[in-house]
Amino acid sequence: MPITRRQLLKESTILAAMLTSPWTRAAQAGLTWCSGSEVLQSDGRAFLKSQPHPTINPNTLARFVDPLPIPSRAKISGYRPSPDGARDKLPFYRIEMREFAERLHRDLAPTRQWGYGASVPGPIFETQSGKPLMVEWVNSLPEKHFLPIDHTIHGAEANLPEVRTVVHLHGAKAPADSDGYPEDWYIPGKSATYLYPNHQDAAILWYHDHAMGITRLNIYAGLLGLFLIRDDLESALNLPSGKYEIPLVIYDRMLSPDSQLYYPVSLKAGAPWVPEVYGDTIVVNGKIFPYLEVEPRKYRLRILNGSNGRFFALALSSGQPFYQIGTDQGLLPSPVVLRNILLFPAERADVVVDFAGKEGQRIVLKHQSKEVMQFRVLSGGPKETGSLPDRLRPVTAITQSSATRTRSLTLGEYLDASGESILMLLNGLHWKMPVTEKPVLNTVEIWNLINLTGDAHPIHLHMVRFQILDRRPFDIFTYNTQKQVKFIGPPFPPEPAETGWKDTVRADPGVVTRIIIHFEGYPGRYVWHCHLLEHEDNEMMRPYEILHS
Ligand code: C2O
Ligand code: CU
């Protein structure tokens, strides 16, 4: 098949995103982002980004000696009256955040972590669309943080308690007072009870911490877990289920020689924040290099990139394809055949992998050249029952003419005199400035995300799902000098795997990414932000308000 100009453009976009990402820049130079290492800036100058600190080189660890842990299911602890006064009582869960220690690998000492229900990832919620539930999120953590808080960051000042948590269910259409507003944090000994109505399509949601100014540290410590919504349409598809449905929560970390989580700190005394964190050690469901025994048949993998800053480009060593069936907000119209799955932080991929005919093989899931985990294909097993239909869920495009408003919003990075990044802002505004985005409930808007920085940013809006319209490169220099978007190429459509409902979108550098949003759900105060957690914590987050219609 001849490569069309469009395909080339599409390829080059992904490539551009990858080439300009700091990780790849460093990797190309043969350097790593490990603490204390040199990294390259886009202008080619090398500088020391963070304090030197010894870390465990994951290449020295034995491969595939730990079985892949499967997180437990969250257990109902009772039934409570619904806050809206409805007659039915709602399932009630009580989840405690606790400190605990667990081995990340057979040959390492136990690693101190903070987890929901004392596990990382936390227990998996499973529920049906339209069936509400309540969760009491209990902060039972210690009073002291074990990762480096930067008190110069807004919302993390030295007069505030060190340990603060608030839970956000990412991807949920939830009322504002159950959404986990970053300033609604509470301290050890306190809790908050949230209502999740779950009036939305089957999808992979995930819950994680969202406390103002320290989200990056709380999630790095382990405060994340999955929340699966199912529905009848999905069940009717007869996708692989039960033990053939495997959650994969993948994230990167750094470990000190004593096996403890290491979070890098800057070279500035008293201001430890660093602009990005890329750990060299990849963890899946709480283990490094785990393995999973599989039968020669179809499996459904529910994948989350739970990293602070690293993207994953996942592939299988057997060269076989993934069939991507869903994205952040649920099923795609039909499966997309892919040899690489690109996931930025907070993005999810719902995929089917077929191990039939691979009896006896050991297949490694890789991120670029890094090994992530191994599938060991057994020689037999019961007959295949799962299927992979050609048609999944129709996705109706939101028409552009239905939009009542178009907003142009910049993503900007601010450097100090030495060229080091000090903060990133959305539309040039700080968190504390008055709310500027006030969409009206039940209206449609188009948001143009104008990325003026050299990096790709995964942008997430709370409460809503959206569709990606297109991405179009523009000239940053002209924008900076004349405040005008001068396009330097045609727009290109979303990748095939992005053609479903999304809640997080990769905004490429030097590109205007257009999304179309139907503000359905609840009125009130929510947030939108970059999901690179170091950016989010340092002002790359803004409140937005959905007004009553
Ligand atoms: Cu995944 Cu505002 O969050
Ligand atoms: Cu960002």
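Is Val337 buried or exposed? I began with this residue and found that Val337 is exposed, with a relative accessible area of 52%, and I note that the model is a predicted one. Val337 lies in strand β20, which covers residues 330-338. Leaving out residues up to four places away in sequence, I find that Val337 touches Pro321, Phe322 and Tyr323. I also looked up a distance from Val337 to Pro161, which is 176 residues away along the chain, and the two C-alpha atoms are separated by 48 Å.

**Entry: confidence**

Before going further I checked how far the prediction can be read. The protein chain averages a pLDDT of 91, and 91% of the residues score at least 70. Residues 1-48 are another matter, since pLDDT stays under 50 over that stretch, although the model has 90 contacts beyond four places in sequence for those residues. Where pLDDT is low, the predicted coordinates should not be read in detail, and I have left the contacts of that stretch alone.

**Entry: the copper ion**

Which residues are the protein donors of the copper ion (ligand 2)? I find His457 through ND1, Cys530 through SG and His535 through ND1, lying 2.0 to 2.1 Å from the ion. In sequence these donor residues are spaced H-x72-C-x4-H. His457 lies in strand β28 (residues 457-461) and Cys530 in strand β32 (residues 524-530), so this pair of donors ties together parts that are 73 residues apart in sequence. On accessibility, I noted that His457 is buried at a relative accessible area of 1%, and that Cys530 is buried as well, at 0%.

**Entry: strand β30 beside β28**

From β28, the strand that holds His457, I went on to its pairing with β30. The strands β28 and β30 run antiparallel and are joined by four bridges, and within this pairing Pro458 stands opposite Arg506 in β30. Strand β30 covers residues 504-507, with Thr504 and Arg506 pointing one way and Val505 and Ala507 the other way, and I note that all of them are buried. The side chain of Arg506 also meets that of Asp508 in a salt bridge, at 2.7 Å from N to O, and both of these residues are buried.

**Entry: other salt bridges**

How many salt bridges does a search of the whole structure find? The search finds 37, and I looked at a few of them in turn. Glu136 forms a salt bridge with Arg94, the closest N and O atoms being 3.3 Å apart. Glu136 lies in strand β8 (residues 133-139) and Arg94 in strand β5 (residues 89-102), so the pair ties together parts that are 42 residues apart in sequence. The two partners are not alike in accessibility, for Glu136 is buried, with a relative accessible area of 15%, whereas Arg94 is partly exposed at 42%.

Another salt bridge joins the side chains of Glu96 and Arg98, at 2.7 Å from N to O. Here Glu96 is partly exposed at 21%, and Arg98 is partly exposed at 37%. I also noted a network of salt bridges that links Arg73, Glu126, Arg230, Glu234, Glu245, Arg300, Arg302 and Asp350.

**Entry: an open sheet**

I then followed an open sheet of six strands, whose order is β3-β16-β24-β23-β18-β21 and whose pairing is mixed. Its edge strands are β3 (66-67) and β21 (341-343), each of which pairs on one side only. Within the sheet, strand β16 (residues 290-294) and strand β24 (residues 370-377) pair in the parallel sense over four bridges. Leu292 stands opposite Phe375 in β24.

**Entry: nonpolar cores**

Which residues touch the most other members of the largest nonpolar core? In this core of 66 residues they are Phe125, Trp137, Tyr196 and Phe227. I listed the contacts of Tyr196, leaving aside neighbours within four places in sequence, and found Lys131, Pro132, Leu133, Val135, Trp137, Leu169, Ala174, Ser178 and Phe227. A second, separate core has 32 residues, including Leu68, Leu248, Val284 and Phe322. Phe322 brings me back to the opening entry, where I had noted this residue among those that Val337 touches.

Technical notes:
Residues are numbered from 1 along each chain as its sequence is written. Chains are lettered from A and ligands numbered from 1 in the order in which they are written. This is a predicted model: local features need pLDDT of at least 70, side-chain atom pairs count only at pLDDT 80 or more; totals for chains, interfaces and linings use all residues. Side-chain values use heavy atoms; hydrogens and water are left out. Donors are N, O and S atoms within 2.8 Å of the metal (3.2 Å for Na, K and Ca); water is not among the atoms, so sites may look incomplete. Helices (H or I, at least four residues) and strands (E, at least two) are DSSP runs, numbered from the N terminus. Buried means under 20% relative accessible area, exposed over 50%, partly exposed in between (1.4 Å probe, protein chains only). Two strands pair if DSSP finds at least two bridges between them. Contact means heavy atoms within 4.5 Å. pLDDT is the predictor's confidence in each residue, from 0 to 100. A salt bridge is a side-chain nitrogen of Lys or Arg within 4 Å of a carboxyl oxygen of Asp or Glu. A nonpolar core is a set of buried Ala, Val, Leu, Ile, Met, Phe, Trp, Tyr and Cys residues joined through side-chain atoms within 4.5 Å.
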